[in-house]
Structures are given as structure tokens and as C-alpha cells.
Amino acid sequence: MKLYDKSISTITGLLGEKADGSYPYDPSAAWPDNGHQELVLLRDAAYELGGDQKQSVNSTCVTTTPGIVTEDSVEVFGKDLPDIKSDVSFARIAILEIEDPGEDEDAYNAIKDLEFVRYNVFPTGYMSRISSENNKEKVRISKKAVASGITFQKVGQSYLKKYKSMPGVKHVKIIFATDPPKMDELISEAKKVSEITSTLTHIMDGIPTDCSHCDLKAVCDTVDGIREMHMKQKKKDHQRMLEEED
């Protein structure tokens, strides 16, 4: 499954070759998880990531291509949480290498399951608000968490632990970026990633369509493997229809 490979290459290129901080997987270093979304009131907040009209974006990219993600790690571009003094633009990107799921439907289910992880990590003092519609992720950091030593490394380890508990996951890279210089381009590429996933949903739902008039035609035309998946699914749906008629 290489549907997101071009986007992964674009995103990593936009962030730059060298991270300001890079940390291997260490589950013992994970920040405590609250078990549920914690309410951090504005008066208790040190600052917001992506707050006060700052830009924000999150994206999950999945691949089976060996070598794209060579190890489990957390990478930080820009200032880390202890060094931030006011609201900043924010990006969080998850790049995952998984085992080949085989069937297209299994691949789709794996992607959706891994996307859902982002809603199930609850670092203490780290209140995230995620919009699946526009790929935004805003985070409010509590003053108490900052005083207690919260860092992106520790929060990232919490995400790694959750992803590593999922079946078929081989390697994970969690990327945090604050005030990235190419934020507009990152937002644009995250939108493309979202469009690929939306196209997969469209295909797997088996909705009959005239490709020449489909809103997602541009994705099928530019992303390697999507059109083939679509044609295979249409054949399956047609065969199923014939069997039901018999």
C-alpha cells in the first residue's frame, strides 16, 4: 500500500532535513495519560498550540513501503513545549509503516483504525480538539503541565505507545512542529491526504458513479493505486449483484 507515499515525501521535505529534537521510542518516558479528555480552562492554560487564530494541522499517513519509517521515534521541529511562551502555529503528523494487510478492504479498515487513534490519547494537562473536516488540531497546555515538565518527547511517547499496541504496526514516527515556515504547504498536503482517505471510503462504500463526473476523479488520476482499487471494487460489486439476482 503506497497510496500516501508521495504525501509522506512532500511533508517530510516541507519540514526540513534535520529535526531540532529526535527521540527513540521509550515507553517509560511517556507522559501520564488521563484516560479521558481533560478540560483545561483558559485561565489555567499556559498557551495554545494553534490557538488565537494561529494555524494548525494534523495528518495520519500509512505505508507498507520498507525504509520510509525505519524506527519508532518522536521528532520535534521548532520550539519544544517548555520554551513556548505564547500561542503558536502547530502541526502534528503521524507516519506509520504497517504490515501488508492484503485485501483492499483490510487495508481500508487498517487505515481507519489508525486514524481513530488520534482521538484516544489523553496526555494530562494537554487538551486537544481535533476537527476531521479541516484537519485542524488545537491543543491547550495547562500551566500545571508546563511546571511539571511536559515536553513533546513525553507526549509523543504516549502516542507511540498507543500506535504500537495496534495490530500490524511495524514502525511509527510522530512529528510535532511549532511555527513551521511552510505551514500553508503542510495544510495543503494534509488536505490531499484527507482526500485520499475520503476516496477510499467512497470506493469501499460501493457507491456507483460515473468516473468522468466524480468529484474525486482528480485523486484517482494522481494517486498511484487508487484507480486500480476502484476498478477492483466495482468488479466485486457487480459480481455480488449478479449472485444476488441468481
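Modeller: A polar contact is a pair of N or O atoms within 3.5 Å; within protein, one of the atoms must be able to donate a hydrogen and the other to accept it, and residues adjacent in sequence count only if both atoms are side-chain atoms. The structure above is a predicted model, in which local features need pLDDT of at least 70 and side-chain atom pairs count only at pLDDT 80 or more, while totals for chains, interfaces and linings use all residues. Residues are numbered from 1 along each chain as its sequence is written, and side-chain values use heavy atoms, with hydrogens and water left out.

Colleague: What does the side chain of S89 reach, and at what distance?

Modeller: The side chain of S89 reaches the backbone nitrogen of Q55 at 3.5 Å, a distance that fits the limit for a polar contact. S89 itself is found in the loop between β4 and β5.

Colleague: How do you know whether S89 counts as buried or exposed?

Modeller: Buried means under 20% relative accessible area, exposed means over 50%, and partly exposed is in between (1.4 Å probe, protein chains only). S89 has 11% relative accessibility, so it counts as buried. Leaving aside residues up to four places away in sequence, S89 touches several residues, including G50, K54 and Q55, where touching, or contact, means heavy atoms within 4.5 Å.

Colleague: What makes F90 and F152 an aromatic pair, and why is the pair called stacked?

Modeller: Rings of Phe, Tyr and Trp (its six-membered ring) pair if their centres lie within 6.5 Å; planes under 30 degrees apart count as stacked, over 60 as edge-to-face, and the rest as tilted. The rings of F90 and F152 are 6.1 Å apart, centre to centre, with 10° between the planes, so they meet the rule for a pair and the rule for stacked. F90 lies in strand β5 (residues 90-98) and F152 in helix α4 (residues 152-164), so the pair ties together parts that are 62 residues apart in sequence. Here helices (H or I, at least four residues) and strands (E, at least two) are DSSP runs, numbered from the N terminus. F90 and F152 are buried, and ring pairs link F90, F152, Y159 and F176 into a cluster.

Colleague: Why is the pair of F116 and Y119 called tilted?

Modeller: The ring centres of F116 and Y119 are 5.9 Å apart and their planes stand at 50°, so the pair is tilted. F116 counts as exposed because its relative accessibility is 51%, whereas Y119 has a relative accessible area of 29%, so Y119 is partly exposed.

Colleague: What makes β3 an edge strand?

Modeller: An open sheet of five strands has the order β1-β4-β8-β5-β3, with mixed pairing. The edge strands, β1 (21-24) and β3 (56-63), each pair on one side only. Two strands pair if DSSP finds at least two bridges between them. Eight bridges join β3 to β5, and these strands run parallel, so the count meets that rule; in β5, the bridge partner of S56 is F90.

Colleague: How do you know that β2 and β7 pair?

Modeller: Four bridges join β2 to β7 (residues 136-142), and the two strands run antiparallel, so the rule of pairing is met here too. E48 stands opposite R140 in β7. These strands belong to an open sheet of three strands in the order β2-β7-β6. Strands of a sheet pair through backbone hydrogen bonds, either parallel or antiparallel.
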